[in-house]
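Please look over the model shown here with its two chains side by side. The paragraphs afterwards lead through it step by step.

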There are 2 protein chains.
Amino acid sequence: MRPLAIGVDLGGTNMRVAAIEDDGTQLQIIRSATNLARGYELVMGELVSMIRDLVRTFAANRRLLGIGVGIPGIIDLESGTLKTASNIPGWNDCPLRDTLESALQAPVILDNDANCAALGEKWIGAGRNLNDLCMLTLGTGVGGGFILNGKPWHGAIGMAGELGHMSVVPEGRGCACGNRGCLEQYASATAIRRMALEAVAAGLSPQLAGVADLNPHFDARAVFDCAVAGDSRARAIFESVGTALGVALANLINALNLPVYVVGGGVSNAWEAFSPSMFRQLSKRSIVFRAGELQQSQKKTTIVTRTFLQENAGLLGAARLPMLAEQSTRRSPLAV
Amino acid sequence: MRPLAIGVDLGGTNMRVAAIEDDGTQLQIIRSATNLARGYELVMGELVSMIRDLVRTFAANRRLLGIGVGIPGIIDLESGTLKTASNIPGWNDCPLRDTLESALQAPVILDNDANCAALGEKWIGAGRNLNDLCMLTLGTGVGGGFILNGKPWHGAIGMAGELGHMSVVPEGRGCACGNRGCLEQYASATAIRRMALEAVAAGLSPQLAGVADLNPHFDARAVFDCAVAGDSRARAIFESVGTALGVALANLINALNLPVYVVGGGVSNAWEAFSPSMFRQLSKRSIVFRAGELQQSQKKTTIVTRTFLQENAGLLGAARLPMLAEQSTRRSPLAV
């Protein structure tokens, strides 16, 4: 029987569950509002029933490998608990893995959502055929994940990939983490909205002001639309996003010289608006990136690209987790 | 017969050759001036005869595994050539490995000197018993190296570890690499001397001025002596070194969350002068470092420490290269 895995993208606002085959085929995706106000047990109950529905639909002729769950927070991999997740308040130390495993009677693996996105891109996205990859996810916050030697890199205490808190402007804007000048303060959707509202308040852009007045959901997407329509202030905001990303990526490229760095998350839809200034910074700041550019004909280089899998990167990577776990179990008796 | 490896530290000014056993015992070290003005062939000729002397001394009851060579430059690992080394001008594209192998009839492995230092620390230094480590070497320039999963990490085009060119002050001092605000411009021995001479020129430190006047070799060590003697300007210079290091290390810790980051090279002798401000930056800028501090009782944490092996880190790591190569050859028939 063909193997099947379930991928879960569990966010503070929405949750998505997908049935995915071992070649990346998405059989079905179902969605629901997380609606945290219901409390942990009711949310988990709905998630369990969404997963059960999908498993039942496809169980007749497929073998369930397990369930992978991506969460925008810090996870204790050993205990399978959520340590903290800023968009899922009140769930600190909740035993997510045990809750799901005992309800579903199947193996459950948790990981950070950006690690899942990185794994998805490595599997069937921008890093296909490569062993090493760095992923930046630009959403409400900025997340990051590394795949090294084909596997998610968790670090000594499971906190690798906190790329949103790299200092890109050492004495810059304050961040809730206690630092100043974090990448997240310059390249997240939240930062883009904030910069646009600051421009409006300072009377710098009548166009942005008009859109903000009319649009109760004024957000990074609306700022992007203004940039596309030619508003110079909106364009300058995305240029600053690219500059901040360029500083962070130049440092990461100089450090690890990975073959590919992938920019994903909702903000990556504005690639045309921020990538030119990002690439200018990379060319200026990274001797390793420049050396790679000279070698492109030799196939060995460092590439910075937008996500191939877009909003499905994390969901696909989550489903990949139980597939990798099964592979490593199968291989271990032979490994030296 | 007990295995033996030769480690070589080949710098622009001096070269050192050591005979080292597989438990790290240094049997003998010999030194010579590189004296580049003689030209590639004469320098290589002397290096070959130094290595031969050591091998002959110990060959009777030991089996030579090979020769590892650490060089402060960018190496093409496949061809065994030196691509560039700023302190070894004129040797670009020289076939170092072939030259040594054909003269010595033994396997030769080249690597960057900071990668060698990282490997030495992983083997019998600050990263003993750990699989992953990051090393910063603060000398004339600033170098870097990573050990990941027990092995030197070279990156897509062999340029990983260019940590001296991480941007720590985005619009800061110009660097020969084309960037502004590189770590090397704030934390190398060259930068310390430059900052001290600037302070003298600006009339900010009579004590530094007096030492600079008397001392034809006025260098980072002399600035450190002034700091130890209480000169406030010299102390401020080392504080700024620590601040720059702290920004770079905070970013590296947030990114990879390795268990240990090692600061080596000659400037690390001034640890007492720069490390307090470095640790202040780490606590302020790295949520991952702070989380690790809270977990120290659990053994899992991220530590920043000075080198354990000091000036021998690179030499020991160079000797380790042929030992690792032999291990992987022995293992490969069994590997899956």
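What follows goes from the pairing of the chains to a few single residues.

This is a predicted model, in which local features need pLDDT of at least 70 and side-chain atom pairs count only at pLDDT 80 or more, whereas totals for chains, interfaces and linings use all residues. Residues are numbered from 1 along each chain as its sequence is written, chains are lettered from A and ligands numbered from 1 in the order in which they are written, and side-chain values use heavy atoms, with hydrogens and water left out.

A turn of 180 degrees, with a shift of 0.0 Å along the axis, lays chain A on chain B with an RMSD of 0.0 Å (least-squares superposition on the C-alpha atoms of residues with pLDDT of at least 70 in both). The two copies are therefore related as by a two-fold rotation axis. Both copies use the same surface, since 100% of the contact residues of chain A recur in chain B.

Across this interface, 50 residues of chain A are in contact with 50 residues of chain B, contact meaning heavy atoms within 4.5 Å. The chains bury about 4,100 Å² between them, 57% of it on carbon and sulfur atoms; buried area is the accessible area (1.4 Å probe) that two parts lose on being put together, summed over both. In chain A, the residues that lose the most area to chain B are W153(A), I157(A) and R285(A), together 16% of what that side buries.

Between chain A and chain B the count is 4 salt bridges, each a side-chain nitrogen of Lys or Arg within 4 Å of a carboxyl oxygen of Asp or Glu. In one salt bridge, the side chains of R285(B) and E171(A) meet at 3.2 Å, N to O. On the side of chain A that touches chain B, β9 (142-148), α8 (232-256), α9 (271-285) and α10 (287-294) each supply at least two residues, and α8(A) gives the most, with 6 residues. Helices (H or I, at least four residues) and strands (E, at least two) are DSSP runs, numbered from the N terminus.

Which residues does E162(A) touch? Not counting residues up to four places away in sequence, E162(A) touches I74(A), N254(B), I287(B) and V288(B). E162(A) lies in the loop between β10 (151-152) and α4 (184-187) of chain A.

Finally, N129(B), in the loop between α3 (113-124) and β8 (133-138) of chain B, has a phi near 75 degrees, a positive value in a residue other than glycine.
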